[in-house]
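Reader: Could you take me through the ligand site in this one, up close? I'd like to hear what surrounds the ligand and what the protein around it is doing structurally.

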Amino acid sequence: MAYKTIIEDGIDILVVGAGLGGTGAAWEARFWGQDKKIVIAEKANIDRSGAVAQGLYAINCYMGTRWGENKPEDHVRYARIDLMGLVREDLLFDMARHVDSTVHQFEEWGLPIMKDPKTGRYLREGRWQIMIHGESYKPIVAEAAKKSADKVFNRICVTHLLMDDGRENRVAGAVGFNVRTGNYHVFKSKTVICGAGGASNIFKPRSVGEGSGRTWYAPWSSASAYGLMIDAGAKMTQMENRIVLTRFKDGYGPVGAYFLHLKTYTQNGYGEEYESKWYDHTKALVGDYIDRHPVPTCLRNHAFIEEMKAGRGPIRMVTTEAFQDPHKETVGWENFLGMTIGQAVVWASQNIDPKHINPELTTSEPYVMGSHATCSGAWASGPEDYAPAEYQWGYNRMMTVDGLFGAGDTIGGTAHKFSSGSFTEGRIAGKAAVRYVNDLKQSQPQVSEQEYLDLEKIIFQPLENYRLGRNEIVAGTVSPSYLLPIHGLQRLEKIMDEYVGGISTNYMTNDVLLQRGLELLAMLKEDMKYIGAEDLHQLQRTWELHHRLLASESVTRHTLFREETRWPGYYYRGDHMKLDDENWHCFTLSRYDRKTGDWALEKAPVYHIID
Ligand SMILES: Cc1cc2nc3c(=O)[nH]c(=O)nc-3n(C[C@H](O)[C@H](O)[C@H](O)COP(=O)(O)OP(=O)(O)OC[C@H]3O[C@@H](n4cnc5c(N)ncnc54)[C@H](O)[C@@H]3O)c2cc1C
């Protein structure tokens, strides 16, 4: 049981997870809700938490409307092309029309943004990206959030959302535990804004053995956003739309600045251009989508994967030409130093100097998230002035659970938000949550004491399992009575990899594999009550695994439901290899019922609001 129970009552807005989305939410909620009680519960320390913890070298979403560079509509068109036609255009437009003001605010707060010396404008890396000296990006936005919140609880792993005792389908707060003290925390709140990030480590990573722990998306992005929301009954969308990244091999170093700014290009193991070779083949699968500009990310992956399968790997990035220019060489290295130092270390350890050797690329294992070139997440209500009626049921960015809002990786259908767009979406959610609280009046959510006492037992049980089970250890760490979180994680990754389209099947799956995957996931689910946690750190690992497992089941069910291959290069349905616009130009939605364990899946229309 918990060391101590700490109850935080009377919260108006609880922010769960304060990465880019969560910090934006706290900041904007304070602007509109001067009298509101705003509390943050964060698993790490908000100064260095989330996907931006280590810093970034570019802000990937900036319109530049004041200089006539792009309009918000242009960004919607771009994201729509990249996601093979399926995006929530209302949500994307809403983000894009506000994102520039967010970036200007970052600059005011001290984020150094590089300038083009000739024009004085922000220095562009590509059409949407601007370059920053971003090592301190996260501490800068965290400061704004800390000044806005009444209280910040760091080191709280939120495990469950609390539901209103008096009204169905309404959120009433959250519970979790402090990963350092073991205290049990109960947050009673009128609204929850979930910003708990995306999901790494649900598919077996390429980095195993000595490279274990190295992933592209942050290893601490543990699918909590999805796990928390799915368990609370929120409708999810596009969970099948996992993302595969082309990155530098073994270090997952980013390639954006190389392609866009340094103008590097790729070739196969024999020094040949290969993408054009796969044009006809790809056209037969996806039709005209291959003719869009820029070519969708998944289709570029597809050519890479096919060329590797044809035995003409490795695929390399040609850096030796660009790196002869000392300025470009500096930019190439600095790109890693501000964001992925590990890649520079890998190159040093493998005798790769990109000035003389063209480094290898690889395609990553799949990740699940909602803010990059992919759009898995919760089904959210759209902006009042812009969303079609069918996409509106209350407040902007509110999910299908009353009082539950989200931002960033949490919200589905809205790809290409990146860091600035996630913060912007947090701002939109924060503003809407204040309005929701103002409108509540006498109808306040109630928390049942029984609910959080029951949850306390469930949450801390793995410590007890370990305490008793360790007496029966038969060899090393093996016990007949419990399994450790790492065992559960590796089992999950293997199932997802082999049955749901991971690296070992070249991202291929089909209905039979998916059905078997679901059976194996169900068995893992049964075993979760036997997890033994040695200490609080392992208890956190246990709850991260719960969230990853629920998210994985959702991914599997969505992948089974969508009977087509919409995004070749992200995954393939071997039994439905072609894109099928006639039947599947739609969103997929799911809802999980935690009482029965049943999932309901349905289609929702895609509205093209922008021409
Ligand atoms: C490798 C990499 C490179 C990227 N490069 C760029 C780039 O160059 N430019 C750009 O603009 N964007 C980039 N992005 C994207 C950007 O980082 C994300 O879009 C953005 O961080 C998403 O915001 P978020 O709030 O949804 O998640 P995050 O910022 O990841 O925040 C999630 C927060 O939730 C917390 N949390 C998780 N689980 C729990 C729990 N159970 N309880 C409590 N708290 C929890 C985490 O600790 C974290 O603070 C990159 C991302 C990655 C991973």
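Author: Let's start with the ligand's surroundings, bearing in mind that this is a predicted model. There are 33 residues around the ligand, and the ones that come nearest are Glu42, Ser49, Ala58, Ser371 and Ser419. Several polar pairs are worth a look. In the side chain of Glu42, an N or O atom sits 2.5 Å from a ligand oxygen. Ser419 does something along those lines, with a side-chain N or O atom 2.6 Å from an oxygen of the ligand, and for Ser49 the distance from a polar side-chain atom to a ligand oxygen is 2.7 Å. As for cover, the ligand on its own would expose 1,000 Å², and the protein buries 95% of that.

Which elements build the shell? Those giving two or more residues are α1 (20-32), β3 (56-59), β6 (156-163) and α11 (418-440). By class, the shell comes out as 17 nonpolar, 13 polar and 3 charged residues.

Now zoom in on α1. This helix has 13 residues and runs 19 Å from first C-alpha to last, close to the expected 18 Å. Most of α1 is covered, with 10 of its 13 residues buried. Among the buried ones are Gly21, Gly22 and Gly24, along with Glu28 and Arg30. And what do the buried residues of α1 pack against? They pack against the strands β1 (5-16), β2 (38-41) and β8 (184-194), plus the helices α3 (89-108), α4 (137-148) and α11. So α11 turns up twice here: it gives residues to the ligand shell, and it packs against buried residues of α1.

Definitions and conventions
Residues are numbered from 1 along each chain as its sequence is written. This is a predicted model: local features need pLDDT of at least 70, side-chain atom pairs count only at pLDDT 80 or more; totals for chains, interfaces and linings use all residues. Side-chain values use heavy atoms; hydrogens and water are left out. A residue is near a molecule or strand if one of its heavy atoms lies within 4 Å of it. A polar contact is a pair of N or O atoms within 3.5 Å; within protein, one must be able to donate a hydrogen and the other to accept it, and residues adjacent in sequence count only if both atoms are side-chain atoms. Accessible areas come from the Shrake-Rupley method with a 1.4 Å probe; for residues, only the protein chains shown count as cover. Helices (H or I, at least four residues) and strands (E, at least two) are DSSP runs, numbered from the N terminus. Ala, Val, Leu, Ile, Met, Phe, Trp, Tyr, Cys and Pro count as nonpolar, Asp, Glu, Lys and Arg as charged, and the others, Gly among them, as polar. The expected span of a helix is 1.5 Å times one less than its number of residues. Buried means under 20% relative accessible area, exposed over 50%, partly exposed in between (1.4 Å probe, protein chains only). Contact means heavy atoms within 4.5 Å.
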